[in-house]
Amino acid sequence: MKAMRSNRGRTRPERMFASLLWRLGFRYVTPDGYRSVHGERFLGQPDLIFTRKRVVIFVDGCFWHGCPRCHNVEADCNEFWQHKIEGNRIRDRRVTKQLEREDWTVIRVWEHDLRSSRGRERVVRRVGKRLSKK
Ligand SMILES: [Zn+2]
């Protein structure tokens, strides 16, 4: 099932979103890039890290993170997956809070918002505003 691909594998819409931001001049590193520079994993492994501006973006997969628009977790998933998704959501909230305490701005984007080019542009505008402010 497509939705069950690995949690942080990057999809084509995510790559297009990232390269759109890059073309607009917003410079970020990936968690791997961060790790090679700083020698440690970035908490929660965001998709994009804007180190100087202290902004991170997580693209949350609709299945894995229990998107309420795309899934009705209780109706669609058995107990095993409900449990797993709930665990992911708890971890997401914990990671967000911890990063905010460390003065990072955390932006979470649903995977479904990046599927169309219009959706991607909308998110880029929103994110661009936050990045320009800092
Ligand atoms: Zn969704």
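The mean pLDDT of the protein chain is 90, and 93% of its residues reach 70 or more. Over residues 1-7, however, the pLDDT is below 50, and this stretch makes four contacts in the model beyond near neighbours in sequence. The structure described here is a predicted model.

The strands are considered next. Three strands form an open sheet in the order β1-β2-β3, and their pairing is mixed. Strands β1 (48-50) and β3 (105-110) stand at the edges; each has a single partner strand, so one side of each is left without a neighbour in the sheet. From one strand to the next, the twist averages 15°. Strand β1 runs antiparallel to β2 (residues 55-60), and three bridges join the two. Within this pairing, Leu48 has Ile57 of β2 as its bridge partner.

The chain segment that precedes β1 was also examined. Helix α2 (residues 31-38) is hardly covered, since the count of buried residues among its eight residues is zero. Just after α2, Gly39 adopts a positive phi of about 75°. Pro46 lies in the loop between α2 and β1. In contrast to the residues of α2, none of which is buried, Pro46 has 25 other C-beta atoms within 10 Å and is therefore buried, the threshold for this class being 20 or more. Leaving aside residues up to four places away in sequence, Pro46 touches Pro31, Val56, Ile57 and Phe58. Of these contacts, Ile57 is also the bridge partner of Leu48, and Pro31 falls within the residue range of helix α2. Val29 is 17 residues from Pro46 along the chain, and the C-alpha atoms of the two are separated by 9.8 Å.

A further position was examined in helix α4 (residues 79-101), where His83 is located. His83 has 11 C-beta neighbours inside 10 Å and therefore counts as exposed, a class that requires 12 or fewer. The two positions thus fall into opposite classes, because Pro46 is buried with 25 such neighbours whereas His83 is exposed with 11. His83 and Ser36 are 47 residues apart in sequence, and their C-alpha atoms are 34 Å apart in space. Ser36 falls within the range of residues 31-38 that makes up helix α2.

Note on methods
Residues are numbered from 1 along each chain as its sequence is written. This is a predicted model: local features need pLDDT of at least 70, side-chain atom pairs count only at pLDDT 80 or more; totals for chains, interfaces and linings use all residues. Two strands pair if DSSP finds at least two bridges between them. Helices (H or I, at least four residues) and strands (E, at least two) are DSSP runs, numbered from the N terminus. Axes are lines fitted to C-alpha atoms, for helices over the stretch in contact, and angles run from 0 to 180 degrees between N-to-C directions. pLDDT is the predictor's confidence in each residue, from 0 to 100. Two residues are in contact if their C-beta atoms, placed from the backbone, lie within 7 Å.
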